[in-house]
Amino acid sequence: MTPASIALITSAAVVAPNPETLWRTPEPKRTYEVVIIGGGGHGLATAYYLARNHGLTDVAVLERGWLAGGNMARNTTIIRSNYLWDESAALYEHSLKLWEGLTAELDYDILFSQRGVLNLAHNLHDVRESVRRVSANRLNGVDAEWLTPEQVKEFCPILNTSPNVRYPIMGATLQRRGGIARHDAVAWGFARGADRLGVDLIQNCQVIDIDVQRGRVVGVQTTNGPIGAQKILLCGAGHTSVLAEMVGLRVPLQTHPLQALVSELLEPVLSCVVMSNAVHVYVSQAHKGELVMGAGIDAYNSYAQRGSFQVIEHQIAAALELFPIFSRVHVLRTWAGLVDVAPDASPIIGQTPIENLYINCGWGTGGFKATPGAGWVLAHTVATGEPHPLVVPFALERFTSGALIDEHGAGAVAH
Ligand SMILES: Cc1cc2nc3c(=O)[nH]c(=O)nc-3n(C[C@H](O)[C@H](O)[C@H](O)COP(=O)(O)OP(=O)(O)OC[C@H]3O[C@@H](n4cnc5c(N)ncnc54)[C@H](O)[C@@H]3O)c2cc1C
């Protein structure tokens, strides 16, 4: 047995708690100060920071299924902060700094691994955009490097850097502090922390309507009966449009399926995260040994949590072009989540025109990396009634003011 595989077994042994024992299963109270709709990563992190940073514990998280049963435990766990614009870099870098202390903060091993994220450039446009982004990142205090094809090969030897392929690798950006974490453990850590501080986590409780009186929210109707609330936060990711419609609010979002897949378990073979917008695939290797792969969204709108085969076919073709060494690897399983995409590929965070109704959505294909950061800034916004300085540019009003934050270049396939 190699030292690496011993390390894998050891870490698996550390993180094998029974989630059933991590939090209470309380009966919902008749009313709460804050009700959070959606028990994914963002809802749970917000609940935790409401209690931890603001002493607000009269809080319930209402989840229609099970905690983290949505995108939270369906994503490919890529964490980075190398976004182009100042507003995004500040928000995601805030989150990355929280990730760096999160295992200690939650006293829970989330298997956070800063193994480096490579974004490959395959044409002149990619190169220009990437070099520009490296400069922008550095100006914002975000670690970023530009690697030549030779340096890319050195950093990730199994990548095919031959010039004789359809889209040769012309270089790459590298964020060394980027990486991955174990997504379900992140959710469990936040859930346990919130529960210990007194937050009620209510599973199998679907919100079917939101009650508004005189322009102000007063509670929700759920499959478990009515629950009063002074403040309500929407954290429904792909279902945000459905929730917003309950109060007659139209949000500029489209819901798309986003797929991912894993291979059978392999010995450690890939020690970083590799992403390519041009051939459209990204690949990392989970602690357990599976290759984790994803691509772009399915083009159509859907709430079906199911994608089409052609996306998988294209992403496998792209992966094999980059990593010929994977040609005999078997796919173990595929799945899809539902992502909420805003026109400028940036999140929408803050107050809504309905008093005491707050929104957190539009994270699209990239909200996992924001989990602690989003929770932190949302908790501030909900607790104080004033937007956290980092979320001011991400308000809903930007779609009427025109002050969009176009992150398609850094968003796109690059989760
Ligand atoms: C395949 C895939 C790969 C991805 N890869 C990455 C990645 O590598 N890096 C990255 O940063 N991001 C990634 N993402 C995006 C990321 O997962 C999401 O942006 C993020 O998880 C959204 O926040 P959340 O965790 O709170 O959402 P969710 O976990 O989806 O939480 C929303 C919750 O709301 C609940 N809900 C909805 N309606 C109701 C209702 N009426 N009543 C009660 N509850 C309700 C849902 O059941 C769900 O649990 C990926 C997503 C997918 C699908």
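Visitor: Which residues in α2 meet α10?
Guide: Happy to start there, keeping in mind that this is a predicted model. On the α10 side, the partners are T371, P372, A374, G375, W376, L378, A379, H380, V382 and A383. They are met from α2 by G41, H42, A45, T46, Y49, L50, R52, N53 and H54.

Visitor: How many nonpolar, polar and charged residues does the contact of α2 with α10 have?
Guide: Good follow-up, since both helices contribute to this contact, R52 of α2 and W376 of α10 among them. Sorted by class, the contact has one charged residue, eight polar and 10 nonpolar.

Visitor: At what angle do the axes of α2 and α10 cross, and what does that make the two helices to each other?
Guide: The two axes come within 7 Å, and the crossing is right-handed. Their angle is roughly 55°. The helices are therefore oblique to each other.

Visitor: Is the crossing of α2 and α7 left-handed or right-handed?
Guide: Let's place the helices first: α2 covers residues 41–54 and α7 covers residues 183–196. Their axes come within 8 Å and cross at roughly 35°. As α2 passes α7, the crossing is left-handed.

Visitor: Which residues in α7 does α2 meet, and how many charged residues has the contact?
Guide: From α2 come L44, A45, A47, Y48 and Y49, and they meet A187, F190, A191, G193 and A194 in α7. By class, this contact of α2 with α7 has nine nonpolar residues and one polar, while the charged ones number no residues.

Visitor: How is α3 oriented relative to α10?
Guide: Here α3 spans residues 86–100 and α10 spans residues 371–384. The axes come within 7 Å and cross at roughly 110°. That makes the orientation of α3 to α10 roughly perpendicular.

Visitor: Which residues make that contact, and how do they divide by class?
Guide: α3 supplies L91, H94, S95, L98 and W99, while α10 supplies T371, P372, G373, W376 and V377. By class, the contact of α3 with α10 divides into no charged, four polar and six nonpolar residues.

Visitor: Leaving aside neighbours within four places in sequence, which residues is H94 in contact with?
Guide: H94 sits in helix α3, and it is one of the residues α3 uses to contact α10. R80 is 14 residues from H94 in sequence and 11 Å away in space, C-alpha to C-alpha. With those sequence neighbours set aside, the contacts of H94 are G373, W376, V377 and L390.

Visitor: How many residues surround the ligand, and which are the closest?
Guide: A total of 38 residues surround the ligand. The closest of them are E63, N71, M72, T76 and K369.

Visitor: How far is a polar backbone atom of G366 from an oxygen atom of the ligand?
Guide: For context, a backbone N or O atom of T77 lies 3.3 Å from a ligand oxygen atom. A polar backbone atom of G364 is also 3.3 Å from an oxygen atom of the ligand. For G366, the distance is 3.0 Å.

Methods. Residues numbered from 1 in each chain as written. Predicted model: local features only at pLDDT ≥ 70, side-chain atom pairs only at ≥ 80, totals over all residues. Heavy atoms only, no water. Axes fitted to C-alpha atoms, helices over the stretch in contact; angles between N-to-C directions. Helix = DSSP H or I, 4+ residues; strand = E, 2+ residues; numbered from the N terminus. Left-handed = near helix turned anticlockwise from the far one by under 90°. Contact = heavy atoms within 4.5 Å. Nonpolar A, V, L, I, M, F, W, Y, C, P; charged D, E, K, R; others polar. Parallel < 35°, antiparallel > 145°, perpendicular 65-115°, else oblique. Near = heavy atom within 4 Å. Polar contact = N/O pair within 3.5 Å; in protein donor to acceptor, adjacent residues only side chain to side chain.
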